[in-house]
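Biologist: Before we go through this model together, I would like each answer to show its reasoning and to finish on the value or name I asked for.

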Amino acid sequence: MSGNIQLLNDTLAAAKAEGRAALIAYLPAGFPTVDGGIEAVKAALDGGADVVEVGLPHSDPVLDGPVIQTADDIALRGGVRIADVMRTVREAHAATGRPILVMTYWNPIDRYGVERFTAELAEAGGAGCILPDLPVQESALWREHADKHGLATVFVVAPSSKDERLAEITAVGSGFVYAASLMGVTGTRESVSSQAEDLVRRTRATTATPVCVGLGVSTPAQAAEVAGFADGVIVGSAFVKRMLDADDDTAAVEAVRTLAGELARGVRGQV
């Protein structure tokens, strides 16, 4: 069975055709429970997100800030497994028909097996993977299997990336380019980094692949600001924080739906 890279490409193209950036939500699998996480992903999409990244909880993250680490810890203590991540993708995609990616560090895939992981993600209806710590020069095996199974390979670029490095990354990535707006970890911030727009400009000079910005976006106004220069706006910690602050699982899901609606209006300039 082939994965849904084409659905991802079509979704991003449709947002561009509407004259707006796409809204991409991040939510970790297994948080607050596996079932609760599935409902949260569906709520994000129902509320207005175009795409969802499902995080594979990791005990030793390099990109995730304290809010997402807290959620990951809850998921890991709850016993979340890769099978639960695949189930989250499968059920959320089946319910919504929207593109869903997995965001994961390389070690879990390496241990699980690249062929097994890509085959199962495609079978679940996944659109691809975001791999923040996989060096491009060591990615051939992954890309071979991802291409075979119709999955996007999304690499992360940062303000520190030199132009030559950006070209090297964008030459082999697919789906979209994840532009980290600052040097640091995920989390809500008072303002969007001024480095983000320059990074998008430099990345676009190397590729026609959409460039989506994450790290630090948490409010509709910030979403609107980033939507002014990027093809997509990625929001994670703000969703997770609202879930952590909710009184119960039902309220957490509704908080996700509400924030997705607010941010969807932001990317449309309706703030």
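Biologist: Is Thr104 buried or exposed in this model?

Modeller: The model is a predicted one, and in it Thr104 sits in the loop between strand 3 and helix 5 (106-112). A residue counts as buried under 20% relative accessible area, and Thr104 has 1% relative accessibility, so Thr104 is buried.

Biologist: Which residues does Thr104 touch, leaving out those up to four places away in sequence?

Modeller: Thr104 lies in a loop that follows strand 3 and leads to helix 5, and residues up to four places away in sequence are not counted here. The residues that Thr104 touches are Leu56, Ile109, Phe117, Cys129, Ile130, Leu131, Pro132 and Asp133.

Biologist: Cys129 appears among those contacts; why is Cys129 in no disulfide, and how far away is the closest cysteine sulfur?

Modeller: A search of the whole structure finds 0 disulfides, and a disulfide would need two cysteine sulfur atoms within 2.5 Å. Cys129 is buried at 0% relative accessibility, and Cys212 is likewise buried, with a relative accessible area of 0%. The closest cysteine sulfur to that of Cys129 belongs to Cys212, and the two are too far apart for a bond because the separation is 16 Å.

Biologist: What is the order of the strands in the open sheet?

Modeller: The open sheet has 9 strands with parallel pairing. Its edge strands, each pairing on one side only, are strand 5 (152-154) and strand 6 (156-157), and the order that runs between these edges is 5-4-3-2-1-9-8-7-6.

Biologist: In strand 8, which residue is the bridge partner of Ala180?

Modeller: Strand 7 (residues 177-180) and strand 8 (residues 211-214) run parallel and are joined by 4 bridges. In strand 8, the bridge partner of Ala180 is Gly214.

Biologist: At about what angle does helix 9 run to strand 8?

Modeller: Two of the helices can be described by the strands they cross: helix 2 (residues 34-47) lies across strand 1 (22-28), strand 2 (51-55) and strand 3 (100-103), running at about 160° to strand 2. Helix 9 (residues 195-204) lies across strand 6, strand 7 and strand 8, and its angle to strand 8 is about 155°.

Biologist: How many Å apart in space are Lys16 and Pro210, C-alpha to C-alpha?

Modeller: Lys16 belongs to helix 1 (residues 5-17) and is exposed, with a relative accessible area of 62%. Although Lys16 and Pro210 are 194 residues apart in sequence, their C-alpha to C-alpha distance in space is 9.4 Å.

How values were computed. Residues are numbered from 1 along each chain as its sequence is written. This is a predicted model: local features need pLDDT of at least 70, side-chain atom pairs count only at pLDDT 80 or more; totals for chains, interfaces and linings use all residues. Side-chain values use heavy atoms; hydrogens and water are left out. Two strands pair if DSSP finds at least two bridges between them. Contact means heavy atoms within 4.5 Å. Axes are lines fitted to C-alpha atoms, for helices over the stretch in contact, and angles run from 0 to 180 degrees between N-to-C directions. Buried means under 20% relative accessible area, exposed over 50%, partly exposed in between (1.4 Å probe, protein chains only).
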